[in-house]
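Work through the exercises below with the structure open. Each task is followed by a solution in steps.

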Amino acid sequence: MKLAVPDLVSNSYFPAAAAVELGFFAAEGLDMSLELVFPVDRAYRELRDGYIDFVGGSAHSVLAAFPEWEGAKLLCAQAQGMYWFLVMRADLGARRGDAGVVKGRTIGAAPWVDMGLRRLLTEAGVDPQRDRVTIAPVPGAAATGGVVNFGLTAAKALEDGLIDGFWANGMGAEIAVRRGVGTVVLDVRRGDGPKPCFDYTMSALATTDRLIRHSPDIAAAAVRALVKTQAALKADPERATEVGRKLFPPGAAALIAELVRRDLPYYDPSISREFVAGMNGFARDVGILRADARYEKVVATQFANLWRG
């Protein structure tokens, strides 16, 4: 079986990657391989077309391949809350929480990820068109289907002066800050930005209705594996380094345990009705959903009892 993530050298989808590399899928009887499929909308299209079996990606992006939530569901959360960071060039002297710093600037963001930033800015009173904010793909990370580790590419583009800021994962943010080229302006999970932004999306595990219907035991095993991985990382965050050494460049491998440790408060596999309502509102606002989807249409509720571990 195949599990796709849209960014590999990252903390965003780390529980899914760690479930493969630490053997938790195998312990549940699943022979699971890990694949990097960028950007996230391509990952969900490959899920729809049967090339992969699970996606560990942003929850709202399911709609890229399954309009109105027809044909796919969320199995569990990898972590709670919208998880991207707005990082701006250090020489701009940006203040934490000041969304207005993007005015007149070029911000790099991946497809479908950019929707979160656009809506956040609108809620914060920044009109991207009026305020001349350019939100575009990061140079070197075009949506061509190639192998792209977006956070690393964004940090490098910022360092090279190709963009004024980026909206990307915690690994990219940490590298930019440590190199002295970036300043974190918004971290939604930890309270920056308008409050509704937290529930725009989350890092989730998703699969098709087809797999759930025909192989519910496999779907259940995948949820158990993910929940056990979260518990293992909570018990010993240093296990993240073991995974990082297998998958990441050395510099990123050295950082991952600390990034995972920061994320542990959000390692909760449950998907609440409040979250789905918030995500529905966001999806309607950005034009990717026509009408609110019922909670049971979005979430595979038959596996909710497994969230408790």
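## Aromatic pairs and overall form

Tyr-13, Tyr-83, Trp-84 and Trp-167 make up one aromatic cluster. The model is a predicted one.

**Exercise 1. Classify the geometry of the ring pair Tyr-13 and Tyr-83.**

Step 1. Searching the whole structure gives 6 aromatic pairs. For Tyr-13 and Tyr-83, the ring centres are 5.7 Å apart.

Step 2. Two rings pair if their centres lie within 6.5 Å. The 5.7 Å between Tyr-13 and Tyr-83 meets this cut-off.

Step 3. The planes of the two rings stand at 85°, so the pair is edge-to-face; the cut-off for that class is over 60 degrees.

Step 4. Now place the two residues in the chain. Tyr-13 sits in the loop between β1 (2–5) and α1 (14–21), and Tyr-83 in the loop between β4 (72–79) and β5 (85–89). They are 70 residues apart, and the pair links distant parts of the chain.

**Exercise 2. Decide whether Tyr-13 and Tyr-83 are buried or exposed.**

Step 1. Buried means under 20% relative accessible area.

Step 2. Tyr-13 has a relative accessible area of 5%, so Tyr-13 is buried. Tyr-83 has 3%, so Tyr-83 is buried.

**Exercise 3. Describe the pair Phe-14 and Phe-248 in the same terms.**

Step 1. The aromatic pair of Phe-14 and Phe-248 measures 6.2 Å centre to centre, with 65° between the planes, and is edge-to-face.

Step 2. Phe-14 belongs to helix α1, while Phe-248 lies in the loop between α9 (239–247) and α10 (250–263). With their positions 234 residues apart, this pair too links distant parts of the chain.

Step 3. Phe-14 and Phe-248 are both buried.

**Exercise 4. Compare the radius of gyration of the protein with that of a compact globule.**

Step 1. A compact globule of 309 residues would have a radius of gyration near 19 Å.

Step 2. The protein has 18 Å, which agrees.

Step 3. For the outer dimensions, the C-alpha trace spans about 50 × 45 × 35 Å along its principal axes. The protein contains 12 helices and 10 strands.

**Exercise 5. State how much of the protein is buried and how much area it exposes.**

Step 1. Of the 309 residues, 59% count as buried.

Step 2. The protein exposes about 11800 Å², and carbon and sulfur atoms supply 48% of that area.

Step 3. Among contacts with a separation of 6 or more, 75% come from residues 24 or more positions apart.

Note on methods: Residues are numbered from 1 along each chain as its sequence is written. This is a predicted model: local features need pLDDT of at least 70, side-chain atom pairs count only at pLDDT 80 or more; totals for chains, interfaces and linings use all residues. Side-chain values use heavy atoms; hydrogens and water are left out. Helices (H or I, at least four residues) and strands (E, at least two) are DSSP runs, numbered from the N terminus. The radius of gyration is taken over C-alpha atoms; the globule rule is 2.2 Å times the number of residues to the power 0.38. Buried means under 20% relative accessible area, exposed over 50%, partly exposed in between (1.4 Å probe, protein chains only). Contact means heavy atoms within 4.5 Å. Accessible areas come from the Shrake-Rupley method with a 1.4 Å probe; for residues, only the protein chains shown count as cover. Rings of Phe, Tyr and Trp (its six-membered ring) pair if their centres lie within 6.5 Å; planes under 30 degrees apart count as stacked, over 60 as edge-to-face and the rest as tilted.
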